Amino acid sequence: GFDGVIAEAGDTDWFSSEGQKDQQFDIRLWARALGSPLDGVMSLTAPSGGQVGSDDDSRGMDPYFRAKLPEDGVYKIWVADHLRSGGPTFSYRVEVTPIEASLGFNAVENDAASIALPRGNRTMLLLGISRDNFDGDIELAFNNLPEGVRVEHGPLLKGQTRLPVLFHAEAEAPIAGAL
């Protein structure tokens with residue numbers, strides 16, 4: 001994060017930092033949401049001078065944008081007041097957050113704490129999949145299942161948000177442990 005004040009009318013602040021090609025960031029300016037009179041405008045420029053991203057409160061009262069860096073080098077974030085005003089109370093904070101992929105699973109229409117699986121039978125679990133900053137095929141594996149239990153499921157493909165999983169319990173095998 002970076003903190004600053006647009007101390008005088010017409011002032012523009014900038015901060016610089018190293019970046020590598022293909023890094024992705026959420027870049028947010030906090031000003032009005034924190035009580036500052038600053039009507040912030042913010043932009044990001046590449047080492048070669050081209051603009052990578054900019055915003056003037058498209059998602060609320062303060063600027064935000066997502067940027068993917070096009071090259072290695074020193075990037076600059078520029079902050080100014082939309083009306084070119086300034087003063088000692090025109091404070092702000094810029095936060096730059098790396099975008100990371102995450103994947104989550106939850107049981108849909110099942111009690112997530114336990115699955116009843118009598119010997120010689122099977123039960124189905126519907127998995128809900130949440131993806132954040134990631135969409136692609138996934139190789140799914142179930143490790144450390146109790147002895148005598150096997151699992152069947154199809155592929156988990158790009159864009160898929162539900163996956164039925166079928167658990168089988170052998171009729172004669174001892175089943176120890178819990179799912």
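Is D135 buried, partly exposed or exposed? At 41% relative accessibility, D135 counts as partly exposed. Buried means under 20% relative accessible area, exposed means over 50%, and partly exposed lies in between, with a 1.4 Å probe and protein chains only.

This is a predicted model, in which local features need pLDDT of at least 70, side-chain atom pairs count only at pLDDT 80 or more, and totals for chains, interfaces and linings use all residues. Residues are numbered from 1 along each chain as its sequence is written, and side-chain values use heavy atoms, leaving out hydrogens and water.

Stay with D135 for a moment. Its side chain meets that of R131 in a salt bridge, at 3.4 Å from N to O. A salt bridge is a side-chain nitrogen of Lys or Arg within 4 Å of a carboxyl oxygen of Asp or Glu. R131 counts as buried, at 19% relative accessibility.

The structure holds six salt bridges. Another of them joins R150 and E152, at 3.1 Å from N to O. R150 is partly exposed, with a relative accessible area of 44%. E152 is partly exposed too, at 39%.

Now look at D3. It forms a salt bridge with R93, and the closest N and O atoms are 2.9 Å apart. This pair links distant parts of the chain: D3 sits in strand β1 (residues 2–5), R93 sits in strand β8 (residues 91–98), and 90 residues separate them. Strands (E, at least two residues) and helices (H or I, at least four) are DSSP runs, numbered from the N terminus. D3 is exposed, at 52% relative accessibility. R93 is partly exposed, at 28%. D3, R93 and E95 are linked in a network of salt bridges.

The backbone tells a matching story. D3 stands opposite R93 in β8. Strands β1 and β8 pair in the antiparallel sense over four bridges. Two strands pair if DSSP finds at least two bridges between them. β8 also pairs with β3, again antiparallel, over six bridges. There, L29 has V94 in β8 as its bridge partner.

Next, the inside. In soluble globular proteins, nonpolar side chains tend to be buried together. The largest nonpolar core here has 19 residues. Such a core is a set of buried Ala, Val, Leu, Ile, Met, Phe, Trp, Tyr and Cys residues joined through side-chain atoms within 4.5 Å. I27, V79 and Y92 have the most contacts inside this core. Five strands each supply at least two of its residues: β3 (24–30), β4 (40–45), β6 (64–68), β7 (73–81) and β8.

Which residues does Y92 contact, leaving aside its neighbours within four places in sequence? Among them are F2, D3, V5, F15, L29, W30 and V79. Contact means heavy atoms within 4.5 Å. So D3 appears again, here as a contact of Y92.

Apart from the largest core lies another, of twelve residues. I129, V149, L163 and A169 are among its members.

Finally, find the open sheet. Four strands form it in the order β2-β7-β4-β5, and the pairing is antiparallel. Its edge strands are β2 (12–19) and β5 (51–55), each pairing on one side only. Neighbouring strands of this sheet are turned by 15° against each other on average, direction ignored. Axes here are lines fitted to C-alpha atoms, for helices over the stretch in contact, and angles run from 0 to 180 degrees between N-to-C directions. Four bridges join β4 to β5. One bridge partner pair there is T45 and Q51, with Q51 in β5.
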